[in-house]
Amino acid sequence: MGSAIGLGNIWRFPYVAYENGGGAFMIPYLIALLTAGLPLLMLDYAVGHRYRASAPLSYRRLHPKAEFLGWWQLCICFVIAAYYAVIIAWAGSYTIFSVTKAWGDDPEGFFMGQYLQVADTVAPSFDFVPQVLLGLALVWVILLVVMALGVQRGIGRFNVVFIPLLVVMFAVMVVMALTLDGAGAGLNALFTPDWSALGNSAVWMAAYGQIFFSLSVGFGIMVTYASYLKRRSDLTSTALVVGFANSSFEILAGIGVFAALGFMATASGAEVSEVVSGGIGLAFIAFPTIISEAPMGALLGVLFFGALTFAGLTSLISIVEVIIAGVQDKLGLGRLAGTIAVVVPLAVASLLLFPTTTGLNLLDVTDAFVNNFGIMAASLAAVITLSAGLTALPGLRDHLNAVSAFKVGRTWMIFIGGVAVVVLGYSIIGQITTVLSEGYGGFPTWFVVTFGWGMAISLVVISLIVSKIPWSKRSRGAQSSPALAVLDPGLDQKYLSTGVTPTITSSVVRDGTPWHDPHEHRERASEPWVESDDARTNAVEEGTR
């Protein structure tokens, strides 16, 4: 939940819902949650929990040819973490600014000018903004401490405290927003349904896109987190709780944000449509305006920006954990050494690039191409590889059903291999076509090509190169997998024809039964086998153990 509930819940969902049919948007939103969000979340859980490792090693254990998917996700997380941290620094600063309403009568001028000191030039520079630099450095210090303490003592305890605190703070803010004059007008603007929007394919794509990004699927995050769960964890029920909790918080955020926007519109004598905004504009320009005019505005601001800070921190922790887990597995490092090896270089890159007068431009382009195109492309590749390329879905389905109360079946596989592929493919093609024909954000072509397309493509190249580097004997890759790999009759004919695995037949493989190469890994008694309730799978496991 800490990973899923982040900045996008607060500043993206309300705007997306308003722009795509208001109350009517809830129908495609719910359908997207049931047909894509939850199935993909369960898929990530199944891979991580079955193979008990970071994203790169989990995919490698599933099949060596799938390892690059994990490294691709890890590279994406590295770039996102670098700029995500600076937004948290902004939110933390604005939590303090809310007490004195430091932005004065011009929130936009204060944010762009006095606070960020945005330069007229686009090219990256090393002209640092001291107040942003100090705030960002503090974020990385906090992150280093939490991550160094480990999964249970650090990440677990942090989330146990700050997720409930986040919900309480935001709930109080929502109640305060609902008491403002004009709150009803804002809620009417958000929830009044435009039923004609349901006939627009762009509205449905917006619903799937919101669910997809909000649930943190495709990052490698849920694969990594699931690997830490106990052997008999109820995976599908956990996914249902996380999915519906995340959506509930989004709706709560929509109520609070639009109640406040309704007040802003009423106070200025404008229509709600004239003051609606999303993203950075909503958080750091529109909300300060509301705080300046609202009764008890200072408290409202502390609650809003404090919630934004906590939501960002819990999500950043999950993003960085993907990188630390992958580096630990690859290099055989302990927790402290792995944390330092990841966080220090990541913090240096973040501190060099984003707390500058040109950092906002770089953040904008990088977020669009790595967070949007990159994650969707990586997820599409993973879904196609697992469903059509390796026929791994039956085995992963059996694993989910073996440990979960809520069972999944053929419908779940259709959602993964059918609905998810169509939605992701359609979305990627649409976005690429738009950017190629119209450019992006008015930025120069060289800037978009270098830091947009160049960054997104370089991550794919890096992941392919790293996946070819052999795993050392001291790494976890040299240890036995707690579950069997997937042998595909098309890709792995050499195993079927050499007799290395005499207990496996092509018909068994085609049905998705896992397979394990006894020569690839060494047995490690400390990692329990995750058994399936399927009798045939158990027989195969007993034969190769």
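Axes here are lines fitted to C-alpha atoms, for helices over the stretch in contact, and the angles run from 0 to 180 degrees between N-to-C directions. I wrote that at the top of the page before looking at any helix pair. I also noted that the model is predicted.

**Entry: α9 against α12**

I started with helix α9 (residues 183-191) and helix α12 (residues 235-268). Their axes are 6 Å apart and the packing angle is about 125°. Angles from 65 to 115 count as roughly perpendicular and those over 145 as roughly antiparallel, so α9 is oblique to α12. I looked up the hand too: α9 passes α12 in a right-handed crossing. Then I listed who touches whom. From α9 I have A183, G186, L187, L190 and F191, and from α12 I have G254, I255, F258, A259, G262 and F263. A reminder to myself on helices: an α-helix has 3.6 residues a turn, so residues three or four places apart point the same way.

**Entry: A265, further along in α12**

I stayed in α12 and picked A265, which lies in that helix. Buried or exposed? A265 has a relative accessible area of 1%, so I put it down as buried. Leaving out residues up to four places away in sequence, A265 touches A270, E271, V272 and V275. I also took a C-alpha to C-alpha distance: A265 and V276 are 8.9 Å apart in space and 11 residues apart in sequence.

**Entry: α7 against α16**

Next pair: helix α7 (residues 130-148) and helix α16 (residues 335-353). Their axes come within 10 Å and cross at roughly 165°. Therefore α7 runs roughly antiparallel to α16. The crossing of α7 past α16 is right-handed. On the α7 side I noted L133, L136, A137, W140, L144, M147 and A148, and they meet R335, L336, T339, V343, L346, A347, S350 and L351 of α16.

**Entry: T357, in the loop that follows**

T357 sits in the loop between α16 and α17. I checked its cover: relative accessibility is 6%, so T357 counts as buried. Which residues does T357 contact, leaving aside neighbours within four places in sequence? I found L116, Q117, V118, A119, S125, D127 and V129.

**Entry: α20 and its kink**

How far apart are the end C-alpha atoms of helix α20 (residues 445-467)? I get 32 Å, and since 23 residues at 1.5 Å each should span 33 Å, the two agree. Even so, I noted a kink of about 40° in α20, and G454 is at its centre. The buried residues of α20 are F447, V448, F451, G452, A456, L459, S463 and S467. I followed where those buried residues go: they pack against α5 (67-100) and α17 (359-389).

**Entry: two loop residues with positive phi**

I looked up R52 and found phi near 50°, positive in a residue other than glycine. R52 is in the loop between α3 (26-51) and α4 (55-62). With a relative accessibility of 13%, R52 counts as buried, because the cut-off is under 20%.

S216 went on the list for the same kind of reading: phi is near 65°, a positive value in a residue other than glycine. This one is in the loop between α10 (201-214) and α11 (221-226). At 5% relative accessibility, S216 counts as buried.

While at R52 I checked α4 as well. How many of the residues of α4 are buried? The count is 8 of 8, so I marked the helix as mostly covered. They are A55, P56, L57, S58, Y59, R60, R61 and L62.

**Entry: A307 in α15**

A307 lies in helix α15 (residues 297-331). Relative accessibility comes out at 0%, so A307 counts as buried. Apart from neighbours within four places in sequence, A307 is in contact with I10, L166, M169, F170 and V302. I also paired A307 with L7: they are 300 residues apart along the chain, and their C-alpha atoms are separated by 9.3 Å.

**Entry: whole chain**

Last, I took the totals. The secondary structure comes to 23 helices and 2 strands. Of the 545 residues, 57% count as buried. For contacts between residues at least 6 apart in sequence, I noted that 82% join residues at least 24 apart.

Conventions
Residues are numbered from 1 along each chain as its sequence is written. This is a predicted model: local features need pLDDT of at least 70, side-chain atom pairs count only at pLDDT 80 or more; totals for chains, interfaces and linings use all residues. Side-chain values use heavy atoms; hydrogens and water are left out. Helices (H or I, at least four residues) and strands (E, at least two) are DSSP runs, numbered from the N terminus. The expected span of a helix is 1.5 Å times one less than its number of residues. The bend at a residue is the angle between axes fitted to the seven residues ending there and the seven starting there. Buried means under 20% relative accessible area, exposed over 50%, partly exposed in between (1.4 Å probe, protein chains only). Contact means heavy atoms within 4.5 Å. Angles under 35 degrees count as roughly parallel, over 145 as roughly antiparallel, 65 to 115 as roughly perpendicular and the rest as oblique. A crossing is left-handed if the near helix is turned anticlockwise from the far one by less than a right angle, and right-handed if clockwise.
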